[in-house]
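Here's a short set of exercises to work through with the model open in your viewer. Try each task before you read its solution.

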Amino acid sequence: METKVTVGVVLLLLCLCGGAACAAGRSGGEFSIVGYSEEDLASHDRLIELFEKWVAKYRKAYASFEEKVRRFEVFKDNLNHIDDINKKVTSYWLGLNEFADLTHDEFKATYLGLTPPPTRSNSKHYSSEEFRYGKMSDGEVPKEMDWRKKNAVTEVKNQGQCGSCWAFSTVAAVEGINAIVTGNLTSLSEQELIDCSTDGNNGCNGGLMDYAFSYIASTGGLRTEEAYPYAMEEGDCDEGKGAAVVTISGYEDVPANDEQALVKALAHQPVSVAIEASGRHFQFYSGGVFDGPCGEQLDHGVTAVGYGTSKGQDYIIVKNSWGPHWGEKGYIRMKRGTGKGEGLCGINKMASYPTKDN
Ligand SMILES: *[C@@H]1O[C@H](CO)[C@@H](O)[C@H](O)[C@H]1NC(C)=O
């Protein structure tokens, strides 16, 4: 079969970052699943009350009264959008999350961006020319797969105010293949990648999963999350922080724009994927099978950890790094079978996975 290996990808994933907003957790059940009720929309007083509750819940602090009033206007506009969409779509729903006081432009400008990568050296490219899972026949592909149920996925993490999604995406895929091969699920260090994997990657200012896989394969492995904890900023590479405990042999790119290839890879292990996550719907996603709208300008790195079908709708299960309070406990189910090669939000465009051959 023809295998396409992505070489010289022309962007770094700059990552949508949760920000301080991401770090703040939802507390208790005073809010409904979407964070408001229809009655809240009925009067100005109820809206103010809802806003004050939201401000308290996410520990928002505004510099001035004027700023707070401005944020209230944005909040109302977002709430109208959320309610509007919730009335129209049936497959998924949006909610008042941490991003509810940001305009969509602010959201995109603050948490997104693209940086052209430095020229990539082929000698440092560990990718094999072979897509090993392509040999699996279509009939052999399981109907569903969920690596969370097979003890191959760690808890949902939070990148906070740092464009380090690429490190979280990489680490989740490595944690997965390590658990599958060794039977030992160990949480590994994103911070080590942020501090040390600087060849092509740019810490909190973006990076690419393939560069990080390449770094791990060539340097003898990653340290644990515990030994090299997350600092939410780039620091000096500190190899004195414990011993490298998990290594990989290399990585391979899933043939681009080929959904069945991605599913075959997912049947074997969690896979790093890139998506466009800058859409207003994505910003407020709270649950269900997401089916867009979104474009295919890749700006966020996440990890696909399985796939399944709900009410006849095929989806891919994606682990995000905005904490456990965004989406479905930190996950999003993204529709499969869009009929477009790139897949929903471009998810089929740049998938890759680490290999561990013993
Ligand atoms: C799993 O791996 C970690 C890191 O190497 C190690 O500390 C732990 O003891 C291992 N657990 C088991 C059950 O082998």
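Buried means under 20% relative accessible area, exposed means over 50%, and partly exposed is anything in between, using a 1.4 Å probe and protein chains only. This is a predicted model, so local features need pLDDT of at least 70 and side-chain atom pairs count only at pLDDT 80 or more, while totals for chains, interfaces and linings use all residues. Residues are numbered from 1 along each chain as its sequence is written, and side-chain values use heavy atoms, leaving out hydrogens and water.

**Exercise 1.** Classify Asn 257 by its accessibility, then find its contacts.

Step 1: Asn 257 is in the loop between β5 (250–253) and α8 (259–266); helices (H or I, at least four residues) and strands (E, at least two) are DSSP runs numbered from the N terminus.
Step 2: its relative accessibility is 37%, so Asn 257 counts as partly exposed.
Step 3: skip neighbours within four places in sequence, and Asn 257 is in contact (heavy atoms within 4.5 Å) with Gly 341, Glu 342, Asn 348 and Lys 349.
Step 4: Met 350 is 93 residues from Asn 257 in sequence, yet the C-alpha atoms are 8.0 Å apart.

**Exercise 2.** Check the span of helix α5 against its number of residues.

Step 1: the expected span is 1.5 Å times one less than the number of residues.
Step 2: α5 (residues 165–182) has 18 residues, so it should span 26 Å, and its end C-alpha atoms agree at 26 Å apart.
Step 3: for burial, 15 of the 18 residues in α5 are buried.
Step 4: after α5 comes Gly 183, with a positive phi near 80 degrees.

**Exercise 3.** Locate the largest nonpolar core relative to the domains.

Step 1: a nonpolar core is a set of buried Ala, Val, Leu, Ile, Met, Phe, Trp, Tyr and Cys residues joined through side-chain atoms within 4.5 Å.
Step 2: the largest one has 65 residues, and those touching the most other members include Trp 54, Phe 282 and Met 334.
Step 3: domain 1 (38–88) and domain 2 (107–355) both contribute residues, so this core lies between them; the bounds come from an automatic or database domain assignment.
Step 4: a second, separate core has 26 residues, among them Cys 196 and Leu 298.

**Exercise 4.** Which residue's charged end sits over the ring of Tyr 315?

Step 1: look for NZ of Lys or CZ of Arg within 6 Å of the ring centre and within 35 degrees of the ring normal.
Step 2: Arg 333 fits, 5.1 Å from the centre of the Tyr 315 ring.
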